[in-house]
Amino acid sequence: MSEHRTEVDGWQAIWRLDDHRVRMMLVRNLFESEPLLSMSTAATAPDLVQVRERFPDLSRLWDAVRHEYWTESLSPKERPPGTI
């Protein structure tokens, strides 16, 4: 299970794929010492839908995570033109 890092507007999400679910392991403001969310195992970590509901003000971060998930999940043939 590989870890991914997504950063937007001074916020960082560290997430893992767990059976096709995005699990949030760490969410933190890059300018603060205490994380907003920190989980030790993917099995207990909230998924993308749950963090979006709990922290709606971070919607740009969640959108970026979702974009990275789909970019990685789709094979090159399935990706829309102009995407990585």
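1. In this predicted model, R23 and D18 form a salt bridge, with their closest N and O atoms 3.5 Å apart. The two partners differ in how they are classed: R23 counts as buried at 11% relative accessibility, whereas D18 is partly exposed at 21%. The value for D18 should be read with the cut-off in mind, because buried means under 20% relative accessible area.

2. R23 belongs to strand 3, which covers residues 21–29. Besides the salt bridge to D18, the side chain of R23 reaches the backbone oxygen of A45 at 2.7 Å. Leaving aside residues up to four places away in sequence, R23 touches I14, W15, R16, D18, A42, A45, P46 and D47. Both D18 and A45 are thus on the contact list of R23.

3. R16, one of the residues touched by R23, has a salt bridge of its own. Its side chain meets that of E3, with N to O at 3.2 Å. E3 is in strand 1 (residues 3–8) and R16 is in strand 2 (residues 11–18), so this pair ties together parts that lie 13 residues apart in sequence. Both ends are partly exposed: E3 has a relative accessible area of 41%, and R16 is at 22%.

4. The strands that hold E3 and R16 are also paired through the backbone. Strand 1 and strand 2 run antiparallel and are joined by six bridges. Within this pairing, T6 stands opposite A13 of strand 2.

5. The sheet as a whole is open and is formed by four strands in the order 1-2-3-4, with antiparallel pairing. Strand 1 and strand 4 (37–38) are the edge strands, each of which pairs on one side only. Helix 2 packs on the sheet and touches strand 1, strand 2 and strand 3. The direction of helix 2 makes about 40 degrees with that of strand 2.

6. What is the geometry of helix 2? Its 15 residues should span 21 Å at 1.5 Å a residue, and the end C-alpha atoms are 21 Å apart, so the model agrees with the expected span. The buried residues of helix 2 are L61, W62, A64, V65, Y69 and T71. They pack against strand 1, strand 2 and strand 3, and also against helix 1 (48–54).

7. Helix 2 (residues 59–73) also carries a salt bridge between two of its own residues, D63 and R66. The side chains meet at 3.7 Å, N to O. D63 and R66 are three residues apart in the helix, which puts about one helical turn between them. In general, an α-helix has 3.6 residues a turn, so residues three or four places apart point the same way. D63 is partly exposed at 31% relative accessible area, and R66 is partly exposed at 41%. Salt bridges with shared partners join R52, D63 and R66 into one network.

8. On the total: how many salt bridges does the model contain? The count comes to six. Those described in this note include the link between strand 1 and strand 2 made by E3 and R16, the pair of R23 with D18, and the pair of D63 with R66. Among these residues, R23 is buried, while E3 and R66 are partly exposed.

Note on methods
Residues numbered from 1 in each chain as written. Predicted model: local features only at pLDDT ≥ 70, side-chain atom pairs only at ≥ 80, totals over all residues. Heavy atoms only, no water. Salt bridge = Lys/Arg side-chain N within 4 Å of Asp/Glu carboxyl O. Buried < 20%, exposed > 50% of the residue type's maximum accessible area, 1.4 Å probe, protein only. Polar contact = N/O pair within 3.5 Å; in protein donor to acceptor, adjacent residues only side chain to side chain. Contact = heavy atoms within 4.5 Å. Expected span 1.5 Å × (residues − 1). Pairing = 2+ DSSP bridges. Axes fitted to C-alpha atoms, helices over the stretch in contact; angles between N-to-C directions.
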